[in-house]
Amino acid sequence: MTGPNDKKMEFALEINDLTVSYKDKPVLWDIDLEIPQGALVGIVGPNGAGKTTLIKSILGLLKPVAGSAKILGLEIDQGIKKIAYVPQRGSVDWDFPATVFDVVQMGTYGKLGWLGRPGIKEKKLTKDALEKVGMLELAHRQISQLSGGQQQRVFLARALVQHAEIYLMDEPFQGVDSTTEQSIVELLRELRNQGATALVVHHDLQTVKDYFDWVVLLNVRKIAAGPVSDVFTETNLKLAFGSRVSLGE
Amino acid sequence: MTQAQLEIQLLAMATAVACSLCGVFLVLRRMSLLSDAISHTVLIGIVIAFFLTGDMTSPWLLVGATTAGVFTVLLVESLQKTGVVREDAAIGLVFPALFSIAVLLISIFSKNVHLDMDAVLVGKIALTPLPSRRLEFGGYDFGPKSLALMIAIIIVNIGFIILFFKELKVSTFDPAFSKAIGFNPYWIHLGLVLSVSTTAVASFDAVGSILVVALMAAPAATAYLLTDKLSIMLVLSCIIGMLCAVLGYWLAHFLDASIAGSMATVAGILFGLTFFFAPERGLFSVWQRAKIRDRKFKLALLLVHLTQHEGTIRELEECNIESLHLHLRWDEYETRSVAFEAVESFCALQENKVLRLTPKGRIIALESLQIGTNLS
Amino acid sequence: MFESLSVPGLGSVVAGTALLGFLCGTLGTFAVLRKQSLMGDAISHACLPGLILAFLLFNSKESWALMLGAAISGTIAAMVILGISRFSRVKEDSALAITLSVFFGFGLMLLTWVQRRPDAAQAGLARFLFGQAATLLDRDVWLLAAIAIPCLITVFIFWKHFQLVCFDRSFAQSLGFPVFLIEVLLSLLLVMVIVAGLETVGVVLMSALLVAPAVAARQWTNKLEIMAILAGVFGAFSGIAGAVLSNIGKTSIPTGPVIVLFITLIVFLSILFAPARGIVWLQFKHWRDSKVLQLDSVLSNLLNLAREHSGKQNGHSMAMLKGISSNPSGVPRSVHKLLEMGLVSEVDKGLYIPTSKGAEYLNEKTSHMGAPLK
């Protein structure tokens, strides 16, 4: 019997035999994965390895053929409230009539309930998040007039507003200037230090060691997952990417 | 069958064929809605040409209407190019505006003149055999004028397709490539627009403007569900178009209803039947195949699951036949039956309720894993 | 203006078209943003068979009965369109075209069959196609209001849901919103609006009223709420203008087309002249940007030259700058401008060097360049 005080520390994410397929082509093959709380996790793999699919299945946006994902020990429909999602930048229409402030404020909608309107509290949260990503001066700019890095900052702020425990980010560094990339990394570290967990789909193998504590190597099936120092090895990379890839060290 | 009936059916078939030929390219190039726009806006060309010539039978009407059709497309495209309006909205802006101008012009200026707008919208194919609408030459009767016109249009359309078949094909399926091999897909696009406009103008005298859309989109889309080859799609779409014409005519005859309306209805029914029952792409055969495939996939998945946990600490738990469904999140009964199938096909053995792979099962599992994994 | 309002019945016509215009503008905003501008066109054509079947079934020409029929067939059409493009390889444009024309053709067949005369479709059909705004009575306006007000209240209640789903569907889903239901609700509202408007403006013009006000409004604002209200106002305004204009003269001009032409005029002006998004403005900005770009390139050329020949304090001539510029004829003007701004100085007659301020200016410019816009 376990007492109330030594309650087992839940995993941030617990993925159990997850298989997702497009028709009969498997996109993810029987993935088992346990992500501890407070980890900064990079998801790495070649194109078509199922990185985005993994994120979308955790969010319940895709229905798996088999297996399940648990979020802080909860089923997806419950646990999703603890997640903030940063989609790929290209997934939305940036000509939509909205300002930077509007978009970031959308992050507060989840906790507002059906009839709720964003009020003073939500506006304050929005401003704080904008401040954090250094976009407060551009709060009233139309979103189509932003550079790629700025768009990414907006999405990041929208996730910060949610004050979530887990952050799922789909290629946040894609098409982003190096200043923005650095400040996103800073922010991620700060979040981790506050106890949050972040999963980041990442492309640049060179920076994996600098940015993340944990890494998941994916190529339809899970090649390896664990602390970067254990898992991010030449052998594992070859398994994931084929023989042509090396760390170039 | 009287000669009048025969002539009406011939005209209906000719119209359907002419429309289907253009329709194939419209459907493939995702331009079907331009036919909707064009078939509305040719009215303004007709109205203006009519005011200029004062003659409802003047060939200038054809020219005016075709010009209006091309003009519509150019207008839509230039609106799109400004970057502030998307294609769907551009179409939705242009054709009601031009159509409204035409309606206003008619209502203001042609109070006493006979310009029958409803006939424009609904068509007057039933009037085909009338003596005033016949093509007579040197005392001989060559049949209805509109039939002659329609046949001419078919010949032009076929000519266009044969002459530029390669270009049409390349620019439809791979516009970037067609640019790379040095010819501008825009000219083909314009040619197509021209041919759609001409066909729409000639056809809507018979079937009306809105039903032109049906004859362009439905047979072509039906054919698209039946074949992958462009040439076969063209032939099929013509055959389906003719079928719509004949069946539609007799349906109308039987119900004493509008021929054009019945043709569109038949076109819809044929499309619906194909949508559900087409041998390869029909919804039912797709579902059926998905079911079989699903079952096969689940078997492979089970084997993969077993390999992934083979020899691990949790094997007893993960591969236990009684708790398997909890891990895979399948229906319990289904899990049993997939597991049973695995055992039946000698891919797995059951030991104390734990499934273990046989060498054969392991090979299949590893092969399946290889299929999924892509090494780029 | 007021005399014309005293035309008997004009009051209710104006009220009706204004109400309808507002409703269409507001709901059309969402349709346009969701890239479904032509959905309205397809649904409105597809209402015909439902209208006629309702007429047959209830054997009445009561508005509510006809509207119910129209709403049902409009909804079915919307589902058919989604079904075709989702479950087969036929793309959305063809799905729209097929549904639109086949439903309409089926309606036409029913209509002629009901009348037992193959070519007698005219009277009823013309009404369906072009509407009869001129015959709007008070009770029609009340019926319109009875549809419009609940629709607008629904939009108000679900505002943030609609905004979120239109902008970022998957994010909405990740917040736990029932995205599919919200989309169904939006489509149902669209059907309601179309059904409400059919009798007044008819099929063809219905689609214009759904698209045009939204496109015009988008030009003037970057806020969704303002866009929706502005689209409503544009719609209402052209409704009123159309109703009044078409009743001024002695001859009766059909109201629907006048409304459409009016709203098209508003769109035209908005696309051309709206600040920030208008074509005229964009052209001006483009011209100005190219000037600045030219300025920057001359300055950077000068800097590069100075760097290559470091140590020497002698500057470089206009002719030299012209030689390496992509637009030589613009060089003298740029140099003068740069001199004025103090970014360049003339060391000797006709010889120029960049100042330290110039180097700073360019440095700042390049460091601010983020990734290029899409």
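The following exercises, with worked solutions, concern a predicted model and treat chain C together with its contacts to chains B and A.

**Exercise 1. Describe the overall make-up of chain C: its secondary structure, burial and accessible surface.**

*Solution.* Begin with the secondary structure. Chain C contains 16 helices and 3 strands. Next, consider burial: of its 374 residues, 54% count as buried. The accessible surface of chain C is about 16,700 Å², and carbon and sulfur atoms account for 67% of that surface. Finally, turn to the contacts within chain C. Among those between residues at least 6 apart in sequence, 66% join residues at least 24 apart.

**Exercise 2. Characterise the interface of chain B and chain C: which residues and elements of chain B contribute to the side that touches chain C?**

*Solution.* First, establish the extent of the interface. In chain B, 58 residues are in contact with 57 residues of chain C. The two chains bury about 4,900 Å² between them, 75% of it on carbon and sulfur atoms. On the chain B side, L33(B), V84(B) and I210(B) lose the most area to chain C, together 12% of what that side buries.

Second, examine the polar component. The rule finds 1 salt bridge across this interface. D228(B) and R89(C) form a salt bridge in which the closest N and O atoms are 2.7 Å apart. Polar contact is found for 11 residue pairs, both residues being at pLDDT 80 or more.

Third, assign the chain B side to its elements. Those that give two or more residues to it are α1 (3-28), α2 (32-53), α4 (87-109), α5 (117-122), α10 (209-224), α11 (230-255) and α12 (259-277) of chain B. The largest share, 15 residues, comes from α4(B). By residue class, this side of chain B divides into 37 nonpolar, 12 polar and 9 charged residues.

**Exercise 3. Analyse the interface of chain C and chain A, and state which element gives the most to the side of chain C that touches chain A.**

*Solution.* Start again with the extent. Here 29 residues of chain C are in contact with 36 residues of chain A. The buried area is about 3,000 Å², with 62% given by carbon and sulfur atoms. K160(C), F167(C) and F171(C) supply 24% of the area that chain C buries against chain A, more than any other three residues.

Proceed to the polar interactions. There are 4 salt bridges between chain C and chain A, and 10 residue pairs are in polar contact, both residues at pLDDT 80 or more.

Then locate the chain C side. At least two residues each come from α7 (138-157), α8 (159-167), α9 (169-174) and α11 (224-248) of chain C. The element that gives the most is α8(C), with 7 residues. The chain C side comprises 16 nonpolar, 7 polar and 6 charged residues.

**Exercise 4. Determine whether R218(C) is buried or exposed, and identify the residues that it touches.**

*Solution.* Locate the residue first: R218(C) lies in helix α10 (residues 179-220) of chain C. Its relative accessibility is 6%. Since buried means under 20%, R218(C) therefore counts as buried.

Next, list its neighbours. Not counting residues up to four places away in sequence, R218(C) touches D95(A), F96(A), P97(A), Q142(A), M227(C) and R277(C).

Lastly, examine the interactions of its side chain. R218(C) meets D95(A) in a salt bridge, with an N to O distance of 3.5 Å. The side chain of R218(C) also reaches the backbone oxygen of T221(C) at 2.8 Å.

Conventions
Residues are numbered from 1 along each chain as its sequence is written. Chains are lettered from A and ligands numbered from 1 in the order in which they are written. This is a predicted model: local features need pLDDT of at least 70, side-chain atom pairs count only at pLDDT 80 or more; totals for chains, interfaces and linings use all residues. Side-chain values use heavy atoms; hydrogens and water are left out. Contact means heavy atoms within 4.5 Å. Buried area is the accessible area (1.4 Å probe) that two parts lose on being put together, summed over both. A salt bridge is a side-chain nitrogen of Lys or Arg within 4 Å of a carboxyl oxygen of Asp or Glu. A polar contact is a pair of N or O atoms within 3.5 Å; within protein, one must be able to donate a hydrogen and the other to accept it, and residues adjacent in sequence count only if both atoms are side-chain atoms. Helices (H or I, at least four residues) and strands (E, at least two) are DSSP runs, numbered from the N terminus. Ala, Val, Leu, Ile, Met, Phe, Trp, Tyr, Cys and Pro count as nonpolar, Asp, Glu, Lys and Arg as charged, and the others, Gly among them, as polar. Buried means under 20% relative accessible area, exposed over 50%, partly exposed in between (1.4 Å probe, protein chains only). Accessible areas come from the Shrake-Rupley method with a 1.4 Å probe; for residues, only the protein chains shown count as cover.
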